[in-house]
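Biologist: I'd love to walk through this fold with you, one step at a time. Shall we look at it together?

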Amino acid sequence: MELLGLDEIRDLLGGISKQRATIIVGRKGFPDPLANLKMGRVWDGKAVRAWITKNRPGPADED
């Protein structure tokens, strides 16, 4: 299983700002985090990549 934090999600979205990424991950429809740790929230990478492919095609394809 691939786990992603906010910084990894920012990278997948093309290096957007932390503020913008926080807005996106808080939107309805974005995958819920798997856990809230002291270091921050973590998400299932597969679910996040699927959301990006469906909702923001382009940046995830650059990997």
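Biologist: Among contacts in the chain between residues at least 6 apart in sequence, what percentage join residues at least 24 apart?

Modeller: Happy to start there, keeping in mind that this is a predicted model. A contact here means heavy atoms within 4.5 Å. Taking the contacts between residues at least 6 apart in sequence, the share that joins residues at least 24 apart is 47%.

Biologist: Which pattern does the chain follow along the sequence?

Modeller: Begin with the parts: the chain has 3 helices and 3 strands. Reading them in sequence order gives β-α-α-β-β-α.

Biologist: Where do the buried residues of α2 lie around its axis?

Modeller: Helix α2 spans residues 18-25, and its buried residues are Ala 21, Ile 24 and Val 25. They cover an arc of only 90 degrees around the axis, so they lie on the same side of α2.

Biologist: And what do the buried residues of α2 pack against?

Modeller: Two of the partners are helices and one is a strand. The buried residues of α2 pack against α1 (6-12), β3 (40-44) and α3 (45-55).

Biologist: Which residues touch the most other members of the largest nonpolar core?

Modeller: This core has 14 residues, and α1, α2 and α3 each supply at least two of them. Leaving aside neighbours within four places in sequence, Phe 30 is in contact with residues including Ile 24, Trp 43 and Trp 51. The residues that touch the most other core members are Ile 9, Phe 30 and Val 48.

Definitions and conventions: Residues are numbered from 1 along each chain as its sequence is written. This is a predicted model: local features need pLDDT of at least 70, side-chain atom pairs count only at pLDDT 80 or more; totals for chains, interfaces and linings use all residues. Side-chain values use heavy atoms; hydrogens and water are left out. Helices (H or I, at least four residues) and strands (E, at least two) are DSSP runs, numbered from the N terminus. Buried means under 20% relative accessible area, exposed over 50%, partly exposed in between (1.4 Å probe, protein chains only). The arc is that of the directions from the helix axis to the C-beta atoms. A nonpolar core is a set of buried Ala, Val, Leu, Ile, Met, Phe, Trp, Tyr and Cys residues joined through side-chain atoms within 4.5 Å.
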